[in-house]
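Subject: A structure for you to look through

Hello,

I am handing over the structure we spoke about, and below it I have written down what was found in it. Please keep it open beside this email while you read, so that you can follow each part for yourself.

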Amino acid sequence: MGTILVTGAFGQIGTELVPFLEKKFGKEHVIASDIRNVEGVFPGSRFRMLDVSSRKDVSAVIREEDVTSIFHLAGILSATGEKNPDLAFSVNLNGTYNILAEARDLGVEKVLIPSTIGVFGTSTPKKGTPVETVIRPSTMYGITKISCELLGEYFHSKFGLDVRGLRFPGIISYRTAPTAGTTDYSVEMFLHAIRGNPYSCYLKKDTGLPMMYMPDAINAMVQLCEADSARLTRRTDYHVSAYSLTPGMLEEAIRKHVPDFHVTYAPDFREAIAEQWPESLDCSISSRDWGFSPKYGIEETVIDMLENLRRD
Ligand code: AKB
């Protein structure tokens, strides 16, 4: 068993992936890293500060910690990317290049890079969007993430680096609230409901997006990582998603359990981002190649979210 490096460990996915990997492989085999340290999030874990946009720092961490696989989660999401495109370009594109190039040079065995539905644009078919389709993103997030997918394929075909990746939809989770994306409304809605507050949603009531619950997202990443390479017909763009959700559908599903919950709709700039993305994804290639099979539907997600938020 080697050493797994997780970049962007304090983000929405990282805060759940790190403990999952530690439980599966042992704390001594996992290194959480992020640009800043947040005390108390990973008690007793191995941690390194890491700015992925510095190639020197990426190289030092991989060498000094004898890293054998990398979950490269560090990235700037869609909403922040539109506010600060320079930062998105530097972290997403330069950061990913640094990870791939140092992984190649230092003999890392495997690199997993999450991508996103943000790679799609308005000319992409909206429903049951296939993996191979028109891809013309117009956000800095989308432009950098499709470039990262292509970089991953390049490092695989040219240098034999084992790079894998999946296109995530919006992810619903209760441990760490996301704060930088377009799909964050879903988690915000739960947090307001549980606190007994009304919620003002920044998307329209009927804007549909593909979504999934965090345990399915974590399982998907680990499953893809462990899949037999010979069975993989794609490299960096496997689709994963569990359902198509609008804010109105989520409001209704939550109201079944929190009858007084009230939502108003005041779309802002994130509505324009969401309107460029698909409503649902075709995930059949992921199911066929490595057994992707999400467990949580909308109702199961809502019940589990409310249970965990109430307990916490
Ligand atoms: C975002 O909204 O930016 C992310 C994503 C779908 O990639 N959650």
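The domain assignment divides the protein chain of this predicted model into domain 1 (3-169 + 214-239) and domain 2 (170-211 + 242-280 + 295-311). The centres of domain 1 and domain 2, taken over C-alpha atoms, are separated by 24 Å, and 30 residues of domain 1 are in contact with 27 residues of domain 2.

What lies between the two domains? The largest nonpolar core has 69 residues, and Val 6, Leu 17, Tyr 185, Met 221 and Trp 290 are those with the most contacts inside it. Helix α7 gives the most to this core, with eight residues. Because domain 1 and domain 2 both give residues to this core, it lies between them. Apart from this core lies another, of 26 residues, which includes Ile 31, Val 52, Ala 88 and Ile 113. As a general point, nonpolar side chains tend to be buried together in soluble globular proteins. To see one residue of the 69-residue core in its setting, you could look at Leu 17, which, when its neighbours within four places in sequence are left aside, is in contact with Val 6, Phe 71, Leu 73, Ile 218, Met 221 and Val 222.

Next comes the sheet. Three strands form an open sheet in the order β7-β9-β11, with mixed pairing. Since β7 and β11 stand at the edges and each has a single partner strand, one side of each is left without a neighbour in the sheet. On average, and with direction ignored, neighbouring strands of this sheet are turned by 50° against each other. Where β9 meets β11, the two run antiparallel and are joined by three bridges, and here Leu 209 has Leu 245 in β11 as its bridge partner. β7 and β9, in turn, pair in the parallel sense over three bridges, with Met 211 in β9 as the bridge partner of Gly 170.

Which residues point one way from β9, and which the other way? Leu 209, Met 211 and Tyr 213 point one way, Pro 210 and Met 212 point the other way, and all are buried. This fits the general pattern that side chains in a regular strand alternate between the two faces of the sheet.

Two helices deserve a careful look. For α7, a rise of 1.5 Å a residue means that its 13 residues should span 18 Å, and its end C-alpha atoms are 18 Å apart, which agrees. Among the buried residues of α7 are Met 214, Ile 218, Met 221 and Cys 225. Ala 217 also lies in helix α7, and it counts as buried because its relative accessible area is 0%. Apart from its neighbours within four places in sequence, Ala 217 is in contact with Phe 168, Ile 171 and Met 212. Although Ala 217 and Glu 16 are 201 residues apart along the chain, their C-alpha atoms are separated by 10.0 Å.

For helix α11 (residues 298-311), the 14 residues should span 20 Å at 1.5 Å a residue, and the end C-alpha atoms are 20 Å apart, which agrees. Thr 301, Val 302, Asp 304, Met 305, Leu 306, Asn 308 and Leu 309 are buried in α11, and what covers these buried residues includes β7 (170-172), α6 (185-194), β9 (209-213), β11 (243-245) and α8 (247-255).

With best wishes

Technical notes
Residues numbered from 1 in each chain as written. Predicted model: local features only at pLDDT ≥ 70, side-chain atom pairs only at ≥ 80, totals over all residues. Heavy atoms only, no water. Helix = DSSP H or I, 4+ residues; strand = E, 2+ residues; numbered from the N terminus. Expected span 1.5 Å × (residues − 1). Buried < 20%, exposed > 50% of the residue type's maximum accessible area, 1.4 Å probe, protein only. Contact = heavy atoms within 4.5 Å. Pairing = 2+ DSSP bridges. Axes fitted to C-alpha atoms, helices over the stretch in contact; angles between N-to-C directions. Core = buried A, V, L, I, M, F, W, Y, C linked by side-chain atoms within 4.5 Å. Domains from an automatic or database assignment.
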